[in-house]
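Biologist: I am new to this structure and would love a close look at a single part of it, the sheet. Could you walk me through how its strands are arranged and what packs around them?

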Amino acid sequence: MIFENGECVITYQSDKAFTEDEKESMLTRFNAIKSDEIYDIVMTQSTVNLLYYPTKIMERLSVVDPSEIVIEKLVEVVGVK
């Protein structure tokens, strides 16, 4: 499940705990998409959170709702469809 978790966080919540290999793989994929706009990842046992600056994305891409863009990146990081 993917949802907005506040104004600057998009969260993926799994129904199972991530393995260390899965976390390492997600971190590698995150490092490939990391930018000034999407700047950090926070993982717990079963969640992945991408932290971002909405106003930077809004200004750079001239969009009103930047969450859709961050959700696409989160899908890439987590590897879900």
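Modeller: Here is a tour of the sheet, followed by its neighbours.

A word on the ground rules: this is a predicted model, in which local features need pLDDT of at least 70, side-chain atom pairs count only at pLDDT 80 or more, and totals for chains, interfaces and linings use all residues. Residues are numbered from 1 along each chain as its sequence is written, and side-chain values use heavy atoms, with hydrogens and water left out.

The sheet is open and built from 4 strands in the order S1-S2-S4-S3, with antiparallel pairing. At its edges stand S1 (2-4) and S3 (38-43), each with a single partner strand, so one side of each is left without a neighbour in the sheet. From one strand to the next, the twist averages 20°. Strands (E, at least two residues) and helices (H or I, at least four) are DSSP runs, numbered from the N terminus, and two strands pair if DSSP finds at least two bridges between them. Angles run from 0 to 180 degrees between N-to-C directions, and axes are lines fitted to C-alpha atoms, for helices over the stretch in contact.

Now let us zoom in on S3 and its partner. S3 and S4 form a hairpin with 3 residues between them. The antiparallel S3 and S4 (residues 47-52) are joined by 5 bridges, and aspartate 40 of this region stands opposite leucine 51 in S4.

Beside aspartate 40 in the numbering is tyrosine 39, which takes us to the aromatic rings. The whole structure holds 2 aromatic pairs (rings of Phe, Tyr and Trp, the last by its six-membered ring, with centres within 6.5 Å; planes under 30 degrees apart are stacked, over 60 edge-to-face and the rest tilted). In one of them, the ring centres of tyrosine 39 and tyrosine 53 lie 4.4 Å apart with planes at 20°, so the pair is stacked. Tyrosine 39 sits in S3 and tyrosine 53 in the loop between S4 and helix H2 (54-61), 14 residues apart. Tyrosine 39 is partly exposed at 28% relative accessible area, and tyrosine 53 is partly exposed at 35%; buried means under 20%, exposed over 50% and partly exposed in between (1.4 Å probe, protein chains only).

What covers the sheet? Helix H1 (residues 20-33) lies across S3 and S4 and runs at about 170° to S3. The largest nonpolar core (buried Ala, Val, Leu, Ile, Met, Phe, Trp, Tyr and Cys residues joined through side-chain atoms within 4.5 Å) has 16 residues, and Phe30, Ile38, Val48, Leu50, Val70 and Leu74 have the most contacts inside it. S2 (9-13), H1, S3, S4 and helix H3 (67-78) each supply at least two residues of this core, and H3 gives the largest share, 4 residues. Leaving out residues up to four places away in sequence, valine 70 touches Ile10, Ile38, Leu50, Tyr52 and Ile57, where contact means heavy atoms within 4.5 Å.

Finally, the axes of H1 and H3 come within 8 Å and cross at roughly 140°. That makes H1 oblique to H3 (under 35 degrees is roughly parallel, over 145 roughly antiparallel, 65 to 115 roughly perpendicular and the rest oblique). Here Met26, Arg29, Phe30 and Ile33 in H1 meet Lys73, Glu76, Val77 and Val78 in H3.
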